[in-house]
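Open the model in your viewer and keep the selection box at hand. Each stop below gives a selection and then what to look for.

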Amino acid sequence: MAANDLALDLEELQQLHSIAKRPRVLSLISSEIRNLEKLSKDGASVSSLQIPASVLTAAKVIHNPSLNYVSVSSFSWDQDNDKVKIYLSLEGVDQEKMETDFKPMSFDAKFHDVHGKNYRFSLPKLNKEIVPEKCKVLVKPTRVVITLAKASKGNWLDLHYKEDKFKPSLDKEKDPMAGIMDMMKNMYEDGDEEMKKTIAKAWTDARSGKAADPLKRYT
């Protein structure tokens, strides 16, 4: 009911109340007047509480890509057959000011306004696949617990994906010897002085034609 209609109805009821004589009629009119007065007051209260649209728009949180983040370096982790749990040593995190992004092979967690700073913990390439919709983050007073749901049961050797440098490439379109040579390069880079001398000699012999296969001496 519009405020103008309420005012007109209230005025008419008050006129009727002034000329009514029967007690029952007076009581009914008085009751209806009170109801209309209450409706009129409630409508005025709602109107006074309304906030301009421009103010509401200004209060929205706007994502700022230029925010600076401090990497969370203090953490630990453990696992079982189905999930991996990561424990971040971070105190004072607000659940409402947290942003997470879980993907099958990565995840990114951002914690805003923690004692005046923004923190971030991310793993751009996980050891194995996870199920994003089953992952969760639990905020506790002195730490944050991130639970990653494994896509397949099993043990993870590490949180990060690590390529086996000593495994030759199996690309069929690539020269078969290229994969072996790549493996030898990795062995040379990671080996001790004795290993480097041995591989260097084998390489030199292969180039000079003394050995057709640089790995022949190891077979």
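**Stop 1: The strands around Phe107**

Begin with the rings. Keep in mind that this is a predicted model. A search of the whole structure finds three aromatic pairs. Select Phe75 and Phe121 and show their side chains. Their ring centres are 4.9 Å apart and their planes stand at 65°, so this pair is edge-to-face. Edge-to-face applies because the angle is over 60 degrees. Phe75 belongs to strand β2, residues 75–79, and Phe121 to strand β6, residues 117–123, so the pair ties together parts that are 46 residues apart in sequence.

Which of the two is buried? Phe121 is, at 4% relative accessibility. Phe75 is partly exposed, with a relative accessible area of 35%.

Keep Phe121 and add Phe107. These two ring centres lie 5.9 Å apart with planes at 40°, so the pair is tilted. Phe107 sits in strand β5, residues 106–114, and Phe121 in β6, so this pair ties together parts 14 residues apart in sequence. Both Phe107 and Phe121 are buried.

Now add Phe102. Ring pairs link Phe75, Phe102, Phe107 and Phe121 into a cluster.

**Stop 2: The nonpolar core**

Hold Phe107 and select Ile86, Phe111, Ile146 and Leu148 as well. These five have the most contacts inside the largest nonpolar core, which has 26 residues. Colour the strands that feed this core. β3 (83–88), β4 (98–103), β5, β6 and β8 each give two or more residues to it.

Next, centre on Ile146. What does Ile146 touch, leaving out residues up to four places away in sequence? The partners include Val84, Ile86, Leu88, Phe102, Phe107, Ala109, Phe121 and Val137. Lys85 and Lys136 are also among the residues that Ile146 touches.

Another core lies apart from this one. That second core has seven residues, among them Leu6, Leu10, Ile33 and Leu36. Select those four to find it.

A general point fits here: in soluble globular proteins, nonpolar side chains tend to be buried together.

**Stop 3: The β7–β8 hairpin**

Select residues 136–139 and 144–149, which are strands β7 and β8. They run antiparallel, joined by four bridges. A hairpin of four residues connects β7 to β8. Look across the strands at Val137: Ile146 in β8 stands opposite. Val137 is also one of the residues that Ile146 touches.

**Stop 4: A charge over a ring**

Select Arg120 and Tyr69. The charged end of Arg120 sits over the Tyr69 ring, 5.8 Å from the ring centre.

**Stop 5: Ser106, Lys103 and Ile130**

Select Ser106, in strand β5. Is Ser106 buried or exposed? At 16% relative accessibility, Ser106 counts as buried. Show what surrounds it. Not counting residues up to four places away in sequence, Ser106 touches Asp101, Leu123, Pro124, Lys125, Leu126 and Ile130.

Keep Ile130 and add Lys103. Lys103 is in strand β4. At 44% relative accessibility, Lys103 counts as partly exposed. Lys103 and Ile130 are 27 residues apart in sequence, yet 7.4 Å apart in space, C-alpha to C-alpha. Lys103 touches Ile130 and Pro132, again not counting residues up to four places away in sequence.

**Stop 6: Two positive phi angles**

Select Asp113, found in strand β5. Asp113 has a phi near 55°, a positive value in a residue other than glycine. Asp113 is partly exposed, with a relative accessible area of 42%.

Move on to His115, in the loop between β5 and β6. His115 also has a positive phi, about 55°, although it is not a glycine. At 67% relative accessibility, His115 counts as exposed.

**Last stop: The whole protein**

Clear the selection and zoom out. Colour by secondary structure. The protein has five helices and eight strands. Along the sequence the pattern reads α-α-α-β-β-β-β-β-β-β-β-α-α.

Switch to a surface view. The protein exposes about 16100 Å², and carbon and sulfur atoms supply 53% of that area. Buried residues make up 26% of the 219 residues. Finally, consider the contacts between residues at least 6 apart in sequence: 51% of them join residues at least 24 apart.

Technical notes: Residues numbered from 1 in each chain as written. Predicted model: local features only at pLDDT ≥ 70, side-chain atom pairs only at ≥ 80, totals over all residues. Heavy atoms only, no water. Phe/Tyr/Trp six-rings, centres within 6.5 Å; stacked < 30°, edge-to-face > 60°. Buried < 20%, exposed > 50% of the residue type's maximum accessible area, 1.4 Å probe, protein only. Lys NZ or Arg CZ within 6 Å of the ring centre and 35° of its normal. Contact = heavy atoms within 4.5 Å. Pairing = 2+ DSSP bridges. Areas by Shrake-Rupley, 256 points an atom, 1.4 Å probe, with all protein chains shown as cover. Core = buried A, V, L, I, M, F, W, Y, C linked by side-chain atoms within 4.5 Å.
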